[in-house]
Amino acid sequence: MGGQILDVGLIGLPLAGKTTVFNLLTGAKAETNDFGSGKTESRRGLAPVPDSRLDRLAELYHPRKVTPAQIAVVDVPGLNRADNGGPNRFLNDVRLVDALVHVVRGYASDIVGPADPLRDIEEMELELGLSDLDLLEKRRVRIQTGKKITAEMRQELDLIDRLINALENDQRLNQMTLQDDELRLIRGYQFLTLKPAVWVINLDDEAFQAGDFPNREAILALAQDKDVPVVLMAAALEQEMEELDPEDRAAFMQDLGIQQSGLKRVAQAIYDKLGLISFLTAGEDEVRAWTIAHNTTAKVAAGKIHSDIERGFIRAEVVAFSDLDQWGSMAKAKEHGHVRLEGKDYVMKDGDVVNFRFNV
Ligand SMILES: Nc1nc2c(ncn2[C@@H]2O[C@H](COP(=O)(O)OP(=O)(O)OP(=O)(O)O)[C@@H](O)[C@H]2O)c(=O)[nH]1
Ligand SMILES: [Mg+2]
């Protein structure tokens, strides 16, 4: 994560349902069919990360507010097939994101024709690869035509050749084994195929319920090969259900076999892919989820909340959510020996409910 908040870009071909997915994730009511209206600006929004543990903590603490973790989402106009030659400019809007969600049309469209998700995935993968190739080739020329080639530049040139070779063989850069020093050399480029990706196959009701779509096996095999998780979604259907009141919605979702919302499943895929977990804080003021990297220590996690808490860190009072949930209060959990005092090097776990003690 570059900043405090995780940044995700929604990309895809025209009319794949990107804006519908964007609305679903962020609760926005943006107009769909940008392609038809010729709109070419990206839009941004915030998606709350669903976490049922927050609901349970709210039940226990009756806080004034509940704050879920958030993901910043960018909805980019559809990649224009006619916009050939040169890398697609819409991709510039996702150059700095932490993860790319490719929304793939799995339903027939009156305008763009029958569903062909495999073709669309291949087309987008090609486009992302070409964009990275373009950057690499420019960099290679810049080094080669420079006044002096240092040892470090020579090392970079070798690496650039390897990366170009991989891309030319239809690999993503995230499929390559790269050493830390190599990753450091190329970090500044923000290569698109090095970013964690998720493929969301957007389906009609029936296809979603059947869990089936054209070229399913081939797509799943490709996804495994490229190390990209696949999430099936019925975005338009879920969007319609947003209009229902929560009870009807729950019953309806159950009928359709939707166990978890599309938002929840996409968020989970992104967290898994990026190696992220959440810890929780709970009090009468606020119950809140915080996003951290796997293996973050207590002191660094404290810094997520405030730099003063990190600087003045004394101890972390920690209870696993499952224990707090089971015993129903901090006092009871303590009585049964589930509340621990941990030092600054304690490695945080997903679902830790934490109270930091600190000096200012
Ligand atoms: N049948 C069906 N239609 C859908 C689904 N999701 C979106 N659509 C429709 O597809 C059209 C395009 O949806 P958008 O969400 O605007 O797609 P987009 O990818 O943002 O499109 P552009 O930004 O214009 O490229 C709209 O008419 C949606 O109602 C779906 O799951 N099933
Ligand atoms: Mg759109």
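How many residues does the hairpin that joins β8 to β9 run through? In this predicted model, the hairpin passes from β8 to β9 through 3 residues. Strand β8 covers residues 276-282, and 7 bridges hold β8 against β9 in an antiparallel arrangement. Within this pairing, Thr-281 has Arg-288 of β9 as its bridge partner.

Strand β9, which spans residues 286-293, also pairs with β3, a strand made of residues 65-67. Here the two strands run parallel and are joined by 3 bridges. A handy landmark for anyone following along in the structure is Val-66, which stands opposite Val-287 of β9. Strand β9 thus has an antiparallel partner in β8 and a parallel partner in β3.

A good place to look next is Tyr-61, a residue of helix α3, which comprises residues 52-61. Tyr-61 and Asp-285 are separated by 224 residues in sequence, yet their C-alpha atoms are 8.6 Å apart in space. Leaving aside residues up to four places away in sequence, Tyr-61 touches Ala-282, Gly-283, Glu-284 and Val-287, together with Leu-324 and Met-330. Of these, Val-287 is the β9 residue that faces Val-66, and Ala-282 falls at the end of β8 (residues 276-282).

Elsewhere in the chain, two helices pack against each other: α4, formed by residues 117-144, and α5, formed by residues 151-168. Their axes lie 10 Å apart and meet at an angle of about 150°. Since angles over 145 degrees count as roughly antiparallel, α4 and α5 are therefore described as roughly antiparallel to each other. The crossing of α4 past α5 is left-handed. On the α4 side, the contact includes Gly-129, Asp-132, Leu-133, Leu-136 and Glu-137, and it continues through Arg-139, Arg-140, Ile-143 and Gln-144. The α5 side contributes Met-153, Glu-156, Leu-157, Ile-160 and Asp-161, along with Leu-163, Ile-164, Leu-167 and Glu-168. By residue class, this contact is made up of 9 nonpolar, 2 polar and 7 charged residues.

Finally, the view can be widened to the whole chain. The domain assignment divides the chain into domain 1, residues 6-272, and domain 2, residues 295-358. A distance of 33 Å separates the C-alpha centres of the two domains. Their contact draws 5 residues from domain 1 and 8 residues from domain 2.

Definitions and conventions
Residues numbered from 1 in each chain as written. Chains lettered and ligands numbered in written order. Predicted model: local features only at pLDDT ≥ 70, side-chain atom pairs only at ≥ 80, totals over all residues. Heavy atoms only, no water. Axes fitted to C-alpha atoms, helices over the stretch in contact; angles between N-to-C directions. Helix = DSSP H or I, 4+ residues; strand = E, 2+ residues; numbered from the N terminus. Parallel < 35°, antiparallel > 145°, perpendicular 65-115°, else oblique. Left-handed = near helix turned anticlockwise from the far one by under 90°. Contact = heavy atoms within 4.5 Å. Nonpolar A, V, L, I, M, F, W, Y, C, P; charged D, E, K, R; others polar. Pairing = 2+ DSSP bridges. Domains from an automatic or database assignment.
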